[in-house]
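Reader: I have a structure to read and do not know how to begin. Could you take me through some features?

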Amino acid sequence: MQFSGGNRKRLRLGGDQRNACYPHSLQFYLEPPSENISLIEFESLAIDRVKLLKTVENLGVSHVKGTEQYQSKLEAEIRRLKFSFRENVENEYERRRRDHISHFILRLAYCQSEDLRRWFIQQEMDLLRFRFSILPKDKIQSFLKDSHLHFEAISDEERSLREHEIIASSTSSSAPKSELELESVYKIPFADALDLFRGRKVYLEDGFAYVPLKDIVAIVLNEFRAKLSKALALTARSLPAVQSDERLQPLLNHLSHSYTGQDYSTQGNAGKISLDQIDSLSTKSFPPCMRQLHKALRENHHLRHGGRMQYGLFLKGIGLTLEQALQFWKQEFIRGKMDPDKFDKGYSYNIRHSFGKEGKRTDYTPFSCMKIILTNPPGQGDYHGCPFRHSDPELLKQKLQSYKISPDGISQILDLVKGTHYQVACQKYFEMTHNVDDCGFSLSHPNQFFFESQRILTGSKDIRKESIQPEAPQPKPSVQKNKDASSALASLNSSLEVDMEGLEDYFNE
């Protein structure tokens, strides 16, 4: 990336040229921007984009995606931040330009780790899903073509031959038959429709899937995810060249570290939870994922590696010190007839390692809901994972009954699980177990569940406040630079420009 202090002006485009640059209100971001912008605008666009993605995340947790309330609130936020969202709107060029450039800026910030990439991809997919859902039907075919999605619409004759099978197999089979008859049906290679096939929601014949227009969003999102995932990996390889600029590095680190939510890695509460309290807290304030791990540990006196990592980091996040953690795990494993020497040799190192005292000295953070749901699914004999995501519905129902959830509440939770709204289901569980109509937050982390529970049960915000205060003595190297990010940017001449053409080196294959 290059910088210039000259008075280079932004390229002025006529109406037709503007329409050619951004023909639609949504895009696959296939080409990086090539104009010049000021560093101040660079910062402003990046922060607005992160605000938008955080709104997408929060609404996805607190509302069922696609509902009227979800759609209206997300549209209002997109309007407020001046990003594009609808076709056939006057003066949309500037909104689409902001959308385009800000997306590529965040690629630089969110390509730096697996967790950041996963978070960024999920929010961008949800944003694309929303925009696609309000795209006029007569614009869909041109959008697919402009996005290099060469899906072949079958002829009316071919569609009529398979009409019964297509309607019976489609996720849109509940729609009126006349509505489906008027739709286009796309013939797509089987490999591109795996998600629909996995859910038995598509008609297959001779290696091709026949997908009605209403179901094409699943294919579009899969293609978008694959392209964005590959692009982020390529960007990460070239990132050192961007980070070498001392004016950009603090800003990119600030974006990636400050806006993805509290990671609950700080130890402001260290030592405030005693080992004697854990059994009681597990039934009152633990989310179901940690409650089932604690129960399995007490019953079996052992957990496999996945369970130890998920539960151990959670306990670390709620306040267990290293010494308490070593004592807790050793006492429990010895009850299972494990020799103390074997524990010291085979398990204590891993516990110390998770606290950043061994190996690379990485201070591991508790797992977020997204990480638990999307990674390392439990196998036979495992107890980690998300009960709402990984449990059989009947077993989940029995578990909720044992937790004294009402039949009506169980029905509501199971309906949310059936719709794959796992975090919303857990939030509903929180509201029912704490007897509140609206918990007032968007649940995204097991440790957040714990601290919010304690806030309600104790009537005090002390624990939560301390959990958010970072520990002063051990700032990460990049954080020290972040402190000066805003002042450094403010001191720059406003005419300083970023040559966006240089971005092509980092985004193009």
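Reader: In which helix is Leu-194 found?

Author: This is a predicted model. Leu-194 belongs to helix 10, which covers residues 194-198.

Reader: Is Leu-194 buried, partly exposed or exposed?

Author: Buried means under 20% relative accessible area and exposed means over 50%, with partly exposed in between. Leu-194 counts as partly exposed because its relative accessibility is 34%.

Reader: Which residues make the nonpolar surface patch with Leu-194?

Author: Phe-190 and Phe-197 join Leu-194 in that patch, which has an area of about 240 Å².

Reader: Now the sheet. How do strands pair, and in what order do they lie here?

Author: Strands of a sheet pair through backbone hydrogen bonds, either parallel or antiparallel. Here 4 strands make an open sheet with antiparallel pairing, in the order 3-4-6-5. Strand 3 (152-153) and strand 5 (203-205) are the edge strands, each pairing on one side only.

Reader: How many bridges join strand 3 to strand 4?

Author: There are 2, and the strands run antiparallel; strand 4 spans residues 185-189. Ala-153 has Tyr-186 in strand 4 as its bridge partner.

Reader: What span does helix 24 reach from its first C-alpha to its last?

Author: Helix 24 (residues 446-458) has 13 residues and reaches 18 Å, close to the 18 Å expected at 1.5 Å a residue.

Reader: Which residues are buried in helix 24?

Author: Among them are Pro-446, Phe-449, Phe-450, Phe-451 and Glu-452.

Reader: What residue follows helix 24?

Author: Gly-459 does, and its phi is positive, near 70 degrees.

Key: Residues numbered from 1 in each chain as written. Predicted model: local features only at pLDDT ≥ 70, side-chain atom pairs only at ≥ 80, totals over all residues. Heavy atoms only, no water. Patch = residues over 30% accessible without salt bridge, like charges linked within 9 Å, V, L, I, M, F, W, Y side chains within 5 Å. Areas by Shrake-Rupley, 256 points an atom, 1.4 Å probe, with all protein chains shown as cover. Salt bridge = Lys/Arg side-chain N within 4 Å of Asp/Glu carboxyl O. Buried < 20%, exposed > 50% of the residue type's maximum accessible area, 1.4 Å probe, protein only. Pairing = 2+ DSSP bridges. Expected span 1.5 Å × (residues − 1).
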